[in-house]
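Reader: I would like a close look at one helix and how its neighbours pack against it. Please take the contacts one by one, then the nonpolar cores.

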Amino acid sequence: MSRLWHGAIALISGVALVVQFVLLIDRDGSVVNFFSYFTIESNILVLIASVLILRKADRGGTAFGILRLAGLVGITITGIIFSTVLAGAVELNGIDWWTDKAFHYVVPAMAVIGFVFMTPRTRLDKTALWFVAWA
């Protein structure tokens, strides 16, 4: 069940990232700006952690703990801030609406649910606090 859950997270975040990147290129947007958005960065971290769990469900270790905690904190902040402060600030439709929902609602909810209820039970000791180097 855990692999299926994290596979779904990886698929949703990966597709949303690729689609949004293609739209950015099509609209002559800035690639540097794209990768500097907190939402994009936190979705990338969650994507990487989910793919690693998909490949090895009982994954552990210090580096993985740092990565997973960074992704979890980042995506939680993304979901909370967007839904309470930023939602509705811009009118979106079509594929932009779908990627927005994936980035700000679906992936954050699934990442938190996956962390709380699914394996691996990532051990988060003091060394995992190195995630703040990203923030």
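Author: What follows is a walk around helix α3 and its partners. The model is predicted. Two packed helices are described by the angle between their axes and the distance between the axes. Each pair below gets both values.

Start with α1. Helix α1 covers residues 2-26, and α3 covers residues 38-55. Their axes come within 8 Å and cross at roughly 145 degrees. The crossing is left-handed. On the α1 side, the contact is made by S2, R3, H6, G7, I9, A10, S13, G14 and L17. On the α3 side, the partners are I40, N43, I44, V46, L47, S50, V51, I53, L54 and R55. By type, this contact holds 10 nonpolar, 7 polar and 2 charged residues.

Next comes α4, residues 62-86. The axes of α3 and α4 come within 8 Å, at a crossing angle of roughly 135 degrees. The two helices are therefore oblique to each other. Again the crossing is left-handed. From α3, the contact takes F38, T39, S42, N43, L45, V46, I48, A49, L52 and I53. From α4, it takes F64, L67, R68, A70, G71, G74, I75, I77 and T78. The split is 12 nonpolar, 6 polar and 1 charged.

The remaining partner here is α5, residues 95-117. Its axis and that of α3 come within 11 Å and cross at roughly 35 degrees. This crossing is left-handed. Helix α3 offers T39, I40, N43 and V46. Helix α5 answers with F103, H104, V107 and A111. Of these residues, 5 are nonpolar, 3 are polar and none is charged.

Now the cores. The largest nonpolar core has 9 residues: A10, A16, L17, L24, F34, I40, L47, A102 and F103. Helices α1, α3 and α5 each give two or more of them. The largest share, 4 residues, comes from α1. Several names recur from the contacts above. A10 and L17 of α1 also meet α3, as do I40 and L47 from the other side. F103 also sits in the contact of α5 with α3.

L24 is another member of this core. Leaving out residues up to four places away in sequence, L24 touches G29, S30, V31 and F34. A second, separate core has 8 residues, among them A49, I53, F64 and L69. A49 and I53 of α3 belong to the contact with α4, as does F64 of α4.

Key: Residues are numbered from 1 along each chain as its sequence is written. This is a predicted model: local features need pLDDT of at least 70, side-chain atom pairs count only at pLDDT 80 or more; totals for chains, interfaces and linings use all residues. Side-chain values use heavy atoms; hydrogens and water are left out. Axes are lines fitted to C-alpha atoms, for helices over the stretch in contact, and angles run from 0 to 180 degrees between N-to-C directions. A crossing is left-handed if the near helix is turned anticlockwise from the far one by less than a right angle, and right-handed if clockwise. Contact means heavy atoms within 4.5 Å. Ala, Val, Leu, Ile, Met, Phe, Trp, Tyr, Cys and Pro count as nonpolar, Asp, Glu, Lys and Arg as charged, and the others, Gly among them, as polar. A nonpolar core is a set of buried Ala, Val, Leu, Ile, Met, Phe, Trp, Tyr and Cys residues joined through side-chain atoms within 4.5 Å. Buried means under 20% relative accessible area, exposed over 50%, partly exposed in between (1.4 Å probe, protein chains only). Angles under 35 degrees count as roughly parallel, over 145 as roughly antiparallel, 65 to 115 as roughly perpendicular and the rest as oblique.
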